[in-house]
Amino acid sequence: MTFKFNYFQKTIVLKQIKILVFLMFSGLIFSQNNDFYYVSALIGSDSNNGSETAPFETINRAISLVNPGDTIFVMNGTYQNDGYGTVDTTTNTNMNNNHVVTINKSGTAGAYITLKNYPGHTPIIQFDGRGGIVISNDMNYIIIEGFEVVGPGASITYAEAYADRQYKVLAASDPDDDINYNHTYFSGKGIWGGYGAHHHIIIRNNIVHDTAGSGIRFNDSDHITIENNEVYNTTWWTSSASSAVVFAETIASSEVDNGTDPKMVMRGNLVYNNWNRIPFYVTQLPDNSGNTNPNYGTANYNSILDGQGLYVTRSDDNYNGTFLFENNVCINNGKNGINFDNSLGASAIIQNNSMYYNGVHEILQDLSAVDGNTTHRGQNVAGITSRKVKGVTIVNNIVVTRESVSDELISFDFEESTAGWSSWGPASVALSSNESHFGSKSLLISGRAADWQSPKIDLEDLGYDLDVGQKYKIYVWVKLVAGSSSGDVQLTLRKTVNGNTISSPLFGGVETVSQDDWTLISGDYTHQLSSDFLYVRGPVQSEGLADFYIDDFSVV
């Protein structure tokens, strides 16, 4: 077929060609080719050109060259931070090693920067400091996928982590600033955004484990998707009150982008064996912490409230977006599988998730006590929790809680009577409707004038058949009356040995208790014929001799 142009058509076509040539040479329009860079810890060199046959050695070298739309393929190998393996907790040497990977480039709306595994490969990011992969502040439109990120958690002990908390307290109280604390070895995260703002980030198909702090975390961000990751054995050793996968302080990326659509997504993740072993300590609580306990996060705080599987908290009050939790599986985490709280303007859709045997915290504390460690009790929660939010829709989830494997021998709930409890000394013991741990009443101990004046019970006199030499576990919930300072409460045994009467605290049976929350106290008890009675010793004179409530006492 032949086309013929008249003079007018020829003139128009020639002018269009001239304009196109001018635009091409002037750079006003161009054809963008997305680049691919390759990295190999095994055969690469940072002096190479980053091609598939001549890869770079480090991921950061490839990041230094990327532009929007580019992809970095990372091959098999173990990628470690500078100074990896030089940490010494006995001398506090190299406790703040740098991240392995720092992404300090942004993509654009139509051209994400992608950092991913080479097809068929599983590169390992291994760190012993601040974290594995961090996205620098205000970097956006980024995809991270296909990595195994490993922290130092498997090498840390309870004694080391608790000693680090004590050092942290010491550093904060040092008036001359001779002691500095910056020990990220005990708080490093797997994949996270630091504490800066981000938007349009996708974290998918990664395995993150044994991080001392959170596995995956984003603060002050919007449009974040965390999907199809496996996260386990995280947050064991931090004193920063962390959880496995976290969105915190979420805020809209712009005023015009603050609708109610789902923009923050946790989808298809497998999250298990994540819990806290160390009590929270911080020198300054955030304004929107949501906790009114004056002892929360202080040096004397001894409880643990964190260790969730998936956690959204402290969103900006003006954030109107919806958080979407769907198709996740959460197993054997310390507290809830999913927790959504302190987000007054936001809502959530929680659908098609499976929660199995979460709320393992108290079991871990029992095991820790057997090892001779201090116990750090907390509330018993195990499924899906939502509070202080605008709204939540919960649909088609499976929640399976752990059945008790213990045989409860004795229990008192104080709903009908004092159940044989009486006062040791002139203090008053009576039922009260002012407070209750469960039900409508508890036992109030008031008018104490000495350390030892307490509620007591003689289990033998009540006719309970306890076997001599048999080991039992004793539990009681305690709360101080309003207006009281926090203080220690102790499960104590009064017994007569060779004609001498002595008081002996039960192993593990002491906790710091406040007016704000019920605290579970438990102790190990081996029954002897010489036992006179058991009593719950309240705060001593130096702590104010506070009146207190007890509830839900049991012997197992």
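1. A good place to start is a single pair of residues: I125 has V149 as its bridge partner, and V149 belongs to strand β9. The strands involved are β6, residues 124–126, and β9, residues 148–150; they run parallel and are joined by three bridges. Please keep in mind throughout that this is a predicted model.

2. Now widen the view to the sheet around that pair. Nine strands make up an open sheet, and their order is β3-β6-β9-β12-β15-β18-β21-β23-β25, with parallel pairing. At the edges sit β3 (78–80) and β25 (398–400), each of which pairs on one side only. On average, neighbouring strands of this sheet are turned by 10 degrees against each other, direction ignored. As background, the strands of a sheet pair through backbone hydrogen bonds, either parallel or antiparallel.

3. Helix α3 is worth a look next. It covers residues 158–173, and its 16 residues should span 22 Å at 1.5 Å a residue; the end C-alpha atoms are 23 Å apart, which agrees. Its buried residues are Y158, A161, D164, R165, K168, V169 and A171. Looking down the axis of α3, you will find these buried residues within an arc of 165 degrees, so they line one face of the helix.

4. Helix α4 (residues 361–370) can be read in a similar way. Here H361, E362, L364, Q365, S368 and A369 are buried. Around the axis they cover an arc of only 155 degrees, which puts them on the same side of α4. Turn to the face away from that buried side and you meet the exposed residues L367 and V370. Just after α4 comes G372, with a positive phi of about 90 degrees.

5. Two other positive phi values deserve a check by eye. Most residues other than glycine have a negative phi. N273 has a phi near 60 degrees, a positive value in a residue that is not glycine. You can find N273 in the loop between β18 (270–272) and β19 (310–313). Its relative accessibility is 22%, so N273 counts as partly exposed; the cut-off for buried is under 20%. A419, also not a glycine, has a positive phi near 55 degrees. The loop that holds A419 runs between β26 (410–412) and β27 (422–424).

6. Aromatic rings offer plenty to explore, with 26 aromatic pairs in the structure. One of them joins W192 and Y195 edge-to-face, at 5.1 Å centre to centre and 85 degrees between the planes. W192 has a relative accessibility of 7% and therefore counts as buried. Another pair, Y319 and F323, is tilted, with 5.8 Å centre to centre and 50 degrees between the planes. Y319 and F323 are both buried. They also take part in a cluster in which ring pairs link F247, Y319, F323, F325 and F340.

7. Finally, look for lysines placed over rings. W192 appears again here: the charged end of K189 sits over the W192 ring, 4.7 Å from its centre. Elsewhere, the ring of F533 has the charged end of K456 over it, 4.9 Å from the ring centre.

Definitions and conventions
Residues numbered from 1 in each chain as written. Predicted model: local features only at pLDDT ≥ 70, side-chain atom pairs only at ≥ 80, totals over all residues. Heavy atoms only, no water. Pairing = 2+ DSSP bridges. Helix = DSSP H or I, 4+ residues; strand = E, 2+ residues; numbered from the N terminus. Axes fitted to C-alpha atoms, helices over the stretch in contact; angles between N-to-C directions. Expected span 1.5 Å × (residues − 1). Buried < 20%, exposed > 50% of the residue type's maximum accessible area, 1.4 Å probe, protein only. Arc of directions from axis to C-beta. Phe/Tyr/Trp six-rings, centres within 6.5 Å; stacked < 30°, edge-to-face > 60°. Lys NZ or Arg CZ within 6 Å of the ring centre and 35° of its normal.
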